[in-house]
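Subject: The structure we talked about

Hi,

Here is the structure I promised to pass on. Have a look at it first, then read my notes below.

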Amino acid sequence: MVEALVWLGTLVFAATGALKGVEKGFDLLGVLVLATVTAVGGGSIRDVLVGTLPPTALRNEPLLWSVVLVGLLVFRFHPRVQALERPIYYLDALGLGLFAALGAERGLEAGLGPFGVALAGTLSGVGGGVLRDVLSGEVPGILYRAGDLYASAALVGALLVYALHGAHPEASLFAGALATVLLRVFGRRLGLRLPTPK
């Protein structure tokens with residue numbers, strides 16, 4: 001079940017990366033590059049951080065080819081995909097929650113403390129989006145998102161995994177992912193935001 005959800009989250013991230021490439025007017029290769037780095041970039045950064053080399057995603061050929069296929073489909077049918085904005089948003093929130101929780105678990109397996117686990121979980125969830133934004137010439141959205149808790153939601157989810165993992169390993173993953181998803185979705189609905197300079 002978890003593996004299926006990881007695939008789903010990865011492919012949704014691929015679609016969001018490909019859409020960014022289409023919006024920027026990139027050629028086919030550019031769209032595929034953004035799809036790939038958005039899909040597997042965060043997990044790869046996390047794996048390097050905890051010493052898993054080569055990164056897990058780069059050893060999963062079926063997943064990588066599926067990412068390319070999603071990129072091709074978005075490139076070809078982007079008007080239809082863009083019309084699915086709301087479902088993509090909710091699937092993206094699910095992917096963020098899953099990767100934050102699983103990234104935190106990977107940090108725990110590597111023997112990291114709370115800061116390291118929080119960093120591993122957060123980077124796992126948002127790292128691909130940061131790479132996407134940088135490659136497309138934008139300031140990474142995690143640095144200024146107003147009314148949309150994203151990296152902060154992943155951070156809370158990762159810390160929850162750390163706090164609960166010792167007593168309930170499987171429940172901690174569910175709780176961490178759920179907390180991230182709820183913060184992302186309801187944070188936007190309620191207009192929650194982190195403080196900014198006055």
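For 198 residues, a compact globule would have a radius of gyration near 16 Å, and the protein chain has 16 Å, so the two agree. Keep in mind while you read that this is a predicted model. Along its principal axes, the C-alpha trace spans about 50 × 45 × 30 Å.

What is the chain built from? The secondary structure comes to 7 helices and 0 strands, so if you follow the sequence you get the pattern α-α-α-α-α-α-α. Of the 198 residues, 47% count as buried. Take the contacts with a separation of 6 or more: residues 24 or more positions apart account for 78% of them.

A few words on the outside. The chain exposes about 10,200 Å², and carbon and sulfur atoms supply 69% of that. There are 15 positive and 13 negative charges, and their mean positions are 9 Å apart.

Now to helix α7, which runs over residues 169–190. At 1.5 Å a residue, its 22 residues should span 32 Å, and the end C-alpha atoms are 31 Å apart, which agrees. Which of its residues are buried? They are Ser172, Leu173, Ala175, Gly176, Ala177, Ala179, Thr180, Val181, Arg184, Val185 and Gly187. What covers them includes α4 (85–109) and α6 (151–165).

Two leucines of α7 are worth clicking on. Leu173 is in this helix, and it counts as buried because its relative accessibility is 18%, with the cut-off for buried being under 20%. Leaving aside neighbours within four places in sequence, Leu173 is in contact with Ala101, Leu102, Glu105 and Val161. Pro62 sits 111 residues from Leu173 along the chain, and their C-alpha atoms are separated by 25 Å. Leu178 is also in helix α7, but at 39% relative accessibility Leu178 counts as partly exposed. From Leu178 to Gly107 is 71 residues in sequence and 19 Å in space, C-alpha to C-alpha.

Next, helix α4. Its 25 residues should span 36 Å at 1.5 Å a residue, and its end C-alpha atoms are 36 Å apart, so this helix agrees with the expectation. Ala93 has its place in α4. Is Ala93 buried or exposed? It counts as buried, because its relative accessibility is 0%. Not counting neighbours within four places in sequence, Ala93 is in contact with Val181, Arg184 and Val185, and those three are among the buried residues of α7. You can also find Thr180 from here: the C-alpha atoms of Ala93 and Thr180 are separated by 7.7 Å, although their positions lie 87 residues apart along the chain.

Then have a look at helix α2, residues 28–50. Leu32 lies in it and, at 17% relative accessibility, counts as buried. Leu32 touches Val68, Gly71 and Leu72 if you leave out residues up to four places away in sequence. For Leu32 and Val68, which are 36 residues apart along the chain, the C-alpha atoms are separated by 6.2 Å. Asp47 is found in α2 too. Its relative accessibility is 0%, so Asp47 counts as buried. With residues up to four places away set aside, Asp47 touches Thr52, Pro55, Thr56, Ala57 and Arg106.

Finally, some backbone details. Most residues other than glycine have a negative phi, and most peptide bonds are trans. Against that background, which peptide bond should you look at? The one from Leu53 to Pro54 is cis, with omega near -10 degrees. Pro54 has its place in the loop between α2 and α3 (61–82). Two glycines deserve a click as well. Gly111, just after α4, takes a positive phi of about 80 degrees, and Gly191, which follows α7, has a positive phi near 70 degrees.

If you want a route through the model, start with α7 and the helices that help cover it, including α4 and α6. Then go to Ala93 in α4, and finish at the cis bond from Leu53 to Pro54.

Cheers

Methods: Residues numbered from 1 in each chain as written. Predicted model: local features only at pLDDT ≥ 70, side-chain atom pairs only at ≥ 80, totals over all residues. Heavy atoms only, no water. Helix = DSSP H or I, 4+ residues; strand = E, 2+ residues; numbered from the N terminus. Rg over C-alpha atoms; globule rule 2.2 N^0.38 Å. Buried < 20%, exposed > 50% of the residue type's maximum accessible area, 1.4 Å probe, protein only. Contact = heavy atoms within 4.5 Å. Areas by Shrake-Rupley, 256 points an atom, 1.4 Å probe, with all protein chains shown as cover. Lys, Arg positive; Asp, Glu negative; His and termini not counted. Charge placed at Lys NZ, Arg CZ, Asp CG, Glu CD. Expected span 1.5 Å × (residues − 1).
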